[in-house]
Amino acid sequence: IVVEDAIAESLKIGELAECPVQISHFKISAKKRWGFSKTTLQMVEDARQKGHQVTIDQYLYTAGATYIDIIFPPWLFDGGEEKVQERLKNPETRQKVKKDMLEKAAKQGFEDVSFVQITSYAKNQSFVGKRLNEIAKEFKNDGSAETQAELACEMRENGGAGVIVHKMSDEDVERIFQKPYTMIAADAGVNRLDSKSSPHPRGFGNNARVLGLYTREKKLVGLEDAIRKMSSLPAQTFGLWDRGFLRQGMAADIVVFDFDKVTDKATFQNPKQYATGFDYIIVNGKITVEKGKHLGTTAGGILRGRFAKQTTSLRGN
């Protein structure tokens, strides 16, 4: 399925159900289609012009994070894990897996699967942080596409791996960011500094990157609009009516930062670095970060939309 078909389906369901539509991870994740955000954004705007409530969100990086399964042909997974292992152990089928894997990459505009960077791999921690072509050269003395595909098969055989996929363009990321209906979001988990993984840097730097690189340096939007994309817009979209604004009676969630100093330090090579420039963070009225240092305060909680109780009740029945 191509991205415009998925978007069209989402918009149609929203129209027929007469409900808002929120499309997350709005991106163009194939080299051959870079620039196509002009079309996908126009689809959103056409729906909005008809009166439908449609919003989107993105993270401000040209790479996503997932599992190594994403680069394999879908048929490999038919029948579950037992069948996956069976197919990979069959030399003839394994060769077809590699052929289809590279053809899948080629259809997206890539010569090989070197766009894959390993974030976690229990079998060999030395793979973490490196791309498949780098690992192939280092451990197999051959960085060819065929060897990269074979390496991916070996990793999948040995339990799989977490990966970062470098498949997006700056042009599309910037174009999507500038739209007034675009929110900022990232689905990174909580990462310990002392863990052996090399996660996507968005878990440490996404919002700082919005303020520092895309707002202060690139000047793609104004500061007020950048803050709106991270606060009042998502709060209103998801019905969190007591948040998103500095106003009497609202939840006391406040970030105090120096706009001239805010910087994301996390990189794809060294992701576990905290952003700088944030002096104070107050969560539910309690100081959590003071003068840039976390106090260990845990005043946060799960935020639920206005229909959460009704949904929970229905599930209970």
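Is glycine 109 buried, partly exposed or exposed, and what is its relative accessibility? I started my notebook with that one, keeping in mind that this is a predicted model.

**Entry 1: glycine 109**

I found glycine 109 partly exposed, at 24% relative accessibility. I placed this glycine in the loop between H4 and strand E4 (116-120). Leaving out residues up to four places away in sequence, I see glycine 109 touching Lys31 and Lys32. I also took a distance to alanine 145, which is 36 residues apart from glycine 109 along the chain: their C-alpha atoms are separated by 14 Å.

**Entry 2: serine 114**

I stayed in the loop between H4 and E4, since serine 114 is found there too. Serine 114 counts as buried, with 18% relative accessibility; the cut-off for that word is under 20%. Which residues does serine 114 touch, not counting those up to four places away in sequence? I noted Arg131, Asn133 and Gln148. I also logged a polar contact of 2.6 Å between the side chains of serine 114 and aspartate 112.

**Entry 3: the three-stranded sheet**

I followed E4 into its sheet, which is open, has three strands in the order E3-E5-E4, and pairs in the antiparallel sense. E3 and E4 are the edge strands with a single partner each, so each has one side without a neighbour in the sheet. On average, neighbouring strands here are turned by 35° against each other, with direction ignored. Between E4 and strand E5 (residues 162-165) I have four bridges, antiparallel. As a landmark for that pairing, I wrote down isoleucine 118, which stands opposite valine 163 in E5.

**Entry 4: the four-stranded sheet**

Next I looked at another open sheet, with four strands ordered E7-E8-E9-E10 and antiparallel pairing. Why is one side of E7 and of E10 left without a neighbour in the sheet? Strand E7 (254-257) and strand E10 (293-294) stand at the edges and each has a single partner strand, so the other side has no strand beside it. I then checked how E7 joins strand E8 (residues 278-283): they run antiparallel and share four bridges. Valine 256 has tyrosine 280 in E8 as its bridge partner.

**Entry 5: salt bridges**

How many salt bridges does the count come to? I have 23 in my notes, and I looked at three pairs one by one.

My opening pair was aspartate 69 with arginine 156, where the closest N and O atoms are 2.8 Å apart. Aspartate 69 sits in the loop between strand E3 (64-67) and helix H3 (81-89), and arginine 156 in helix H6 (residues 145-157), so this salt bridge ties together parts that are 87 residues apart in sequence. I get a relative accessible area of 28% for aspartate 69, which is partly exposed, and of 7% for arginine 156, which is buried.

Then I took arginine 94 and glutamate 157, whose closest N and O atoms are 3.2 Å apart in their salt bridge. Arginine 94 belongs to helix H4 (residues 91-107) and glutamate 157 to helix H6, so the pair links parts 63 residues apart in sequence. Arginine 94 is buried at a relative accessible area of 11%, while glutamate 157 is partly exposed at 24%.

My last pair was arginine 243 and aspartate 253, whose side chains meet at 2.3 Å, N to O. Both lie in the loop between helix H10 (232-237) and E7, so this bridge ties together parts that are 10 residues apart in sequence. Arginine 243 is buried, with a relative accessible area of 17%, and aspartate 253 is partly exposed at 35% relative accessibility.

I also found a network: salt bridges that share partners join Lys89, Arg94, Lys98, Glu146, Glu150 and Glu157.

**Entry 6: a helix pair**

How do the axes of H7 and H8 cross? The axes of helix H7 (residues 170-177) and helix H8 (residues 202-217) come within 12 Å and cross at roughly 100°. The range for roughly perpendicular is 65 to 115 degrees, and H7 and H8 therefore get that label. I listed who makes the contact: Asp170, Val173, Glu174 and Phe177 on H7, and Val210, Tyr214 and Thr215 on H8.

Conventions: Residues are numbered from 1 along each chain as its sequence is written. This is a predicted model: local features need pLDDT of at least 70, side-chain atom pairs count only at pLDDT 80 or more; totals for chains, interfaces and linings use all residues. Side-chain values use heavy atoms; hydrogens and water are left out. Two strands pair if DSSP finds at least two bridges between them. Helices (H or I, at least four residues) and strands (E, at least two) are DSSP runs, numbered from the N terminus. A salt bridge is a side-chain nitrogen of Lys or Arg within 4 Å of a carboxyl oxygen of Asp or Glu. Buried means under 20% relative accessible area, exposed over 50%, partly exposed in between (1.4 Å probe, protein chains only). Contact means heavy atoms within 4.5 Å. A polar contact is a pair of N or O atoms within 3.5 Å; within protein, one must be able to donate a hydrogen and the other to accept it, and residues adjacent in sequence count only if both atoms are side-chain atoms. Axes are lines fitted to C-alpha atoms, for helices over the stretch in contact, and angles run from 0 to 180 degrees between N-to-C directions. Angles under 35 degrees count as roughly parallel, over 145 as roughly antiparallel, 65 to 115 as roughly perpendicular and the rest as oblique.
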